Amino acid sequence: MPNQLSIPFKRTYIIPIRQAVRDYILAHYRDTHPDAYRWDIGHWEKLRAEATSGGVHIERVHALISYHAQLVFVLTKLPADIGLEIPYAPAFDSSALPFSLNNLIYERACVLFNLAALYSQLGGAEDRSKPEGLKQAIKFYQAGSSAAGTLGYLHDSVLPQLQTSLGQEDPPPELTGLFIKSLEFLMLAQAQECVWQRAVMDNYKNGLIAKLAAKVASFYESAHEHVRSSSSSVKRAIPSHWMAHLETKSYHFQAAAQYRKSLEDLEAHHYGLEVARLTEAHILAKKGYDVARRGGVAQPVLQDIKSLLDILQKNISRAERDNDLIYHQDVPPPSALPPIAEVTMAQPVIDPGLQDVKSTVGTDAVIFGELLGWGARLAIEIYNDRRRNWIAEEVQERAQRLDDTMSNELETLNLPAVFDALDRPIGLPPSLLKKAEEVRLESGPERIETYIRDVQALAAHVSSLLDEAMDILDQEADEDEILREGDHAIERLPSLEANKDLIAKEKQYRTVLEQARESDAHVRTKWEEWEDSIVQLTWPEADLERSVPSSTVSWGERSGSMDPTRVHARALRTLLEQLDDLSKTRAEIVARVDRLASSDDITQRIAKAASAMEQWVNVQPAMFEDLLDEELCKYDKYRVQLEENGQKQVEVLDAVKERHAQFVRSRKEDGVVKEREHALQSLDLAYHKYREILRNLEEGQKFYNDFSAILSEFRALCKDFAAARREEASTLARRMGELMLSNRAAVEQQPSVDEQAPLSRNEPVQKLRAALDLPPPDSDEWETMNLPPAPAPSTPRRVEPTRKIGRSAQKGR
């Protein structure tokens, strides 16, 4: 068994690369089919199989480095989470359950870990009793293609990416920063130890050997400190003897450094320093030997420290005797000894194949070289979202607000219904007949009633979901109270504290639900207010016409050519036509924007920009910000057009209000026309209210459907919470039961009072004899005997025997 440690491999399993990649491409690429990447997927599977199979052989290094290089490029094309679960067993317990993550960066980190493990095992397999073996071991541990360099690259370049991709989730214990750094220091320590061994073998000067040994000890101490500073999960993950090995090696080489320095002092005739260093070395070696013996380290390690301890004991006896009898030099305390300067020969050098992945791949085709990278694709999605939101906010909603403003203003002024009353003194205007027919064909009132019932049913369903969720929490709280009724302390939060987040969510949902109920009530009130007028629109045309008052004189007969009312009406019509033209212009602008957006595809431009970047660069969406802003600028002209259109509408509406006021003043005397105007206005407004109520009910229906899904998830959360709490309560109850049984068993095993103080062999005979040695009944000794005091009256059962004795004594007398 060697006296150095090797890192074991992380064992993995076959993963469904083909299915995961196909599903991802089908879901995220509309213009690409997975069959176009059959070679890429097959090459990926082949490289992984080569990298994860095979034993400890130098040729496997190339397989791991090649696979890592391709993974680097794959991560520029695909995100880390493509739905591919990657399992790796713990390195130090390959029989344990694997740790699986949907993360390609996790795959990359494990590949680098196994590469470092391969280097360490290759170094440990070398014959270090020969110079050539030492040279190869040093190479594998630290120089050129090295374990230490690979671990350093893993720690600095890959682990930060892995932690970022995992978010709040913890990585496996073996891929934490402190543990990887500890392994790096371990590999450097073993490489430096090989250099020290080569120096001893080549009979270098004792001073240089001491400096090399001091650095070996420093590396081992750093490795030990990093493991000791790690979390408990890391400490549990590594074998128990590793900590003892690191500490033993640190003490060993501290002692070896002092020993070699003492030999240098001996050569320089510094006999007092020699004795002091030998004493310090002996103390350190003794500590190392005790740690090794208790920690169960490998036998060669224990034998090494034992051999050093024996050498030190012999040299201390010789040095102290010589100094006491011959040299008589002062022996300084350990704190006064000059420190030993460290000489570092082991440096972590990263393999060029890891730093320059392009040179590793060489002329081989990269995997997914023709696939648009995920960063570029995400940039396209970001652009589409921004464009969609911009169009909705700056064009569609702005145009709708202008239309609503125009309609509300005209509705307030009773336009254009006022002209219908004037132009058609009898009958109904064609526009109103068309609206009435529309309501009649749609069975308007029945449709509204159906919508109202559906919305009420949905509201009741949503409310029941929220009530069910609270019933679950209430039941769990009752169970928690029952559990706490016992005398045992329950070491968990009460339900009121444990479910406070869920209760807070429930209050928010309840508030939203109350607001929705108020909105529903407002819509029903609106329906009740306008129900008769909307129902009137469904009447047959003849009945509807009879319900509207008519005037017997036409507008043309009543108005002269110079009549002010006619002049104002004509001006109003012109202004209304202008408003209608503005509305049509807005609709055309919205249509043009929609047509431009439907044909707007920046995929080619993004792909061109991405291809101009370095091939191995991990393309991020932020790299395309300037391009996205430039593309969105082509829509700005439509916003400017709408702003100008809105400003023009404000001017026309102001003119309409002024002209309408003049028109109304000129017609104050015509009561019949006013009555007809009011009736037509009421019917026209009823149609608009019909549409408004329908829109409100459709929005309410959609709201409750969406809210139902949210509350279903909330109810599931409550169920999971209650289930977890019940499982926790069951565990606590089982533990309390086991504790009660153990306490009862302990009580039963304790001796009783009689068993704790057993009578001696003679005590029963003496007590019996004392009971039988009573004086005769007529003896005077009864008067002088010290009898026990009479029992208290509250214990009558003990009084009876005394009374019997008294009576028997009197009878004897």
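In the predicted model, Cys633 is partly exposed, because its relative accessibility of 45% falls between the limits of 20% and 50% that separate buried from exposed residues. Cys110, by contrast, has a relative accessibility of 0% and is therefore classed as buried. With a disulfide taken as a pair of cysteine sulfur atoms within 2.5 Å, the number of disulfides is zero.

Across the protein chain, 31 helices and two strands were assigned. Of the 813 residues in the chain, 43% are buried. The accessible surface amounts to about 43,800 Å², and carbon and sulfur atoms contribute 52% of this area. Among contacts with a separation of 6 or more, 81% join residues that are 24 or more positions apart.

Thr248 provides an example from the buried part of the chain. This residue lies in helix α10, which spans residues 240-267. Its relative accessible area is 1%, under the 20% limit, so Thr248 is counted as buried. The side chain of Thr248 comes to 2.7 Å from the backbone oxygen of Ala244. When neighbours within four places in sequence are left aside, the residues in contact with Thr248 are Gly288, Val291, Ala292, Val297 and Val301.

The loop that follows helix α10 leads to α11 (271-295), and His269 lies in this loop. The phi angle of His269 is near 65°, a positive value in a residue that is not glycine.

Helix α12 covers residues 299-327 and includes Leu325. Leu325 has a relative accessible area of 63%, which is over 50%, and is therefore exposed. Together with Ile326 and Tyr327, Leu325 makes a nonpolar surface patch of about 320 Å².

A second histidine with a positive phi is His328, where the angle is about 55° although the residue is not a glycine. His328 is situated in the loop between α12 and α13 (352-355). Its relative accessibility is 54%, so His328 counts as exposed under the limit of over 50%.

In summary, the residues described include the buried Thr248 of helix α10 and the exposed Leu325 of helix α12. The loops after these two helices contain His269 and His328, respectively.

Methods
Residues numbered from 1 in each chain as written. Predicted model: local features only at pLDDT ≥ 70, side-chain atom pairs only at ≥ 80, totals over all residues. Heavy atoms only, no water. Helix = DSSP H or I, 4+ residues; strand = E, 2+ residues; numbered from the N terminus. Buried < 20%, exposed > 50% of the residue type's maximum accessible area, 1.4 Å probe, protein only. Polar contact = N/O pair within 3.5 Å; in protein donor to acceptor, adjacent residues only side chain to side chain. Contact = heavy atoms within 4.5 Å. Areas by Shrake-Rupley, 256 points an atom, 1.4 Å probe, with all protein chains shown as cover. Patch = residues over 30% accessible without salt bridge, like charges linked within 9 Å, V, L, I, M, F, W, Y side chains within 5 Å. Salt bridge = Lys/Arg side-chain N within 4 Å of Asp/Glu carboxyl O.
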